[in-house]
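Student: I am new to this structure and would like to get to know it step by step. Could you show it to me and then take my questions?

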Amino acid sequence: MIARAFPYFLAALLVASSTTAEENNETVRKQIQAVTVLKNAVLGLKSEDREKAVRNALLDIALNNADVANDLLLQNITGYSSPLGRLVENLNLRLNALEGGNEEEGTTLAVNYDYQKAVRKVFENDANRFTGLKGSFAARGNIAFQSIKNPRDFLDTTLNLGYFSSWGGVVDIADNAFYDKANDIEDNLTEIKELYTLLRNDEWQDFKDLVGSHLSNQYYLGVGLDAGFESDQRFETKHLTFGLDLDLVPRGWGQDSFLGKINVLDYVPALIRMLSGQDSQWSPRGSGFPTLNTALKRVLPQDDDPRAEAGDESDFWRYEIEIGFSSLLGRWKDRNVTWESNVRYYSEINPDKSIKRAGLNDYTYFVTAVTIANGMFISYSTGKLPFDTKNDQVYELGFSYQF
């Protein structure tokens, strides 16, 4: 059984990392087969533990990449088959108390949102490569209950149409010894009756290592045209934007991935995972390798833009760079604890001298956070975003929920 379904499981991992289940029937079929394999590996558990076991199994085998696991579970367990469920599935909300760096700002309550939705048409789709066209909608921002105290008063909404390609990820499996070993491990795992015992069993670790040994580096590249709308939360200051953007997402799926070895940002998290018993050895992961987004945009200021007060109301070109990083620290009460960081840089091309003197020609923003999946989080950010006239340091504590 493993011999028939395992290649589809590997392919499903790769497809799910950059596509969603509704994109095409072939992807859905592979995802269903992948989950079926894992269900058979935990059939020996008590019935009330089985669904929980499959969730944890997917998180483990997917090298603890939550996005991959969520996509694999989409059609089988989580219940996102309804139109409303598919609509909100990628919404990440954070209710938080935040405190700015200045005494006059004080502490206020806010809601931070991050939402992304994409529709893709895949032209080429196999275990090692897929390409196609993508249309996407993205929105993010921070809305404070007292808008005057919002130190991150910037809402960013974007529509994008582009081309994407992904390659690598799967190592061909040609030897029967591999399938024999996988079947032996599966037979032994079905004898385990408790979830806690399953996830800490040496053969479960062997199963993860076996999967990792047949996954290689994967690279995702996206190029597109986008149109956007930027504003403060009162919509008093606004920008219209249009331009080009490029996304690069490297993923090192294998346990001995080169991307994992050079992922220095995961060195400390890898030590924490080892000391907590999450990993059996110090093993930096390439599955959380930093992602890169760059863009060149034409910005059309509207209404009360700070640049107008400095003496320049003209349209301008701006380039943007964004780097994102996420790493698993461990688990707390069966929930993933992650460390996430993001840095954004906006810079106007050939700005007027008056804009330079006012410090409105470039913006740098950095945020880092520790989050419990669908639980508490704490974060720190520094710098400024477009519309800000000064740098701020902001501390946040609150609750996050991802649909």
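Student: Which residue forms a salt bridge with Glu320?

Tutor: This is a predicted model in which local features need pLDDT of at least 70 and side-chain atom pairs count only at pLDDT 80 or more, while totals for chains, interfaces and linings use all residues. Residues are numbered from 1 along each chain as its sequence is written, and side-chain values use heavy atoms, with hydrogens and water left out. A salt bridge here is a side-chain nitrogen of Lys or Arg within 4 Å of a carboxyl oxygen of Asp or Glu. In this case the closest N and O atoms are 2.6 Å apart, and the partner of Glu320 is Arg318.

Student: Is Glu320 buried or exposed?

Tutor: Buried means under 20% relative accessible area, exposed over 50%, and partly exposed in between (1.4 Å probe, protein chains only). Glu320 has a relative accessible area of 11%, so Glu320 is buried.

Student: Which residues are joined into one network by salt bridges that share partners?

Tutor: The structure holds 12 salt bridges. Those that share partners link up one network, and its members are Asp153, Asp232, Arg234 and Glu236.

Student: How many residues apart are Glu230 and Arg318?

Tutor: The side chains of Glu230 and Arg318 meet in a salt bridge of 2.7 Å, N to O. Glu230 sits in strand β5 (residues 215-231) and Arg318 in strand β8, where strands (E, at least two residues) and helices (H or I, at least four) are DSSP runs numbered from the N terminus. Glu230 is buried because its relative accessibility is 1%, and Arg318 is buried because its value is 3%. The pair links distant parts of the chain, and the separation is 88 residues.

Student: How far apart in sequence are the parts tied together by Glu340 and Arg94?

Tutor: The side chains of Glu340 and Arg94 meet in a salt bridge (3.1 Å, N to O). Glu340 lies in strand β9 (residues 335-348) and Arg94 in strand β1 (residues 91-99), so the parts this pair ties together are apart in sequence by 246 residues.

Student: Which strand gives the largest share of the largest nonpolar core?

Tutor: A nonpolar core is a set of buried Ala, Val, Leu, Ile, Met, Phe, Trp, Tyr and Cys residues joined through side-chain atoms within 4.5 Å. The largest one has 9 residues, among them Phe154, Tyr363 and Phe387. The strand that gives 3 residues, the largest share of this core, is β10.

Student: Which residues does Gly141 touch, leaving out those up to four places away in sequence?

Tutor: Gly141 is in strand β3 (residues 129-144), and Gly141 counts as buried because its relative accessibility is 8%. Contact means heavy atoms within 4.5 Å. With that cut-off, Gly141 touches Val111, Asn112, Tyr113, Phe154 and Leu155.

Student: Which strand gives the largest share of the nonpolar patch?

Tutor: A nonpolar patch joins nonpolar side chains (Val, Leu, Ile, Met, Phe, Trp, Tyr) within 5 Å, from residues with over 30% relative accessible area and no salt bridge. This patch has about 840 Å² of accessible area together and includes Ile323, with areas taken from the Shrake-Rupley method with a 1.4 Å probe and, for residues, only the protein chains shown counting as cover. Ile323 counts as partly exposed because its relative accessibility is 37%. The largest share, 4 residues, comes from β8.

Definitions and conventions: Patch = residues over 30% accessible without salt bridge, like charges linked within 9 Å, V, L, I, M, F, W, Y side chains within 5 Å.
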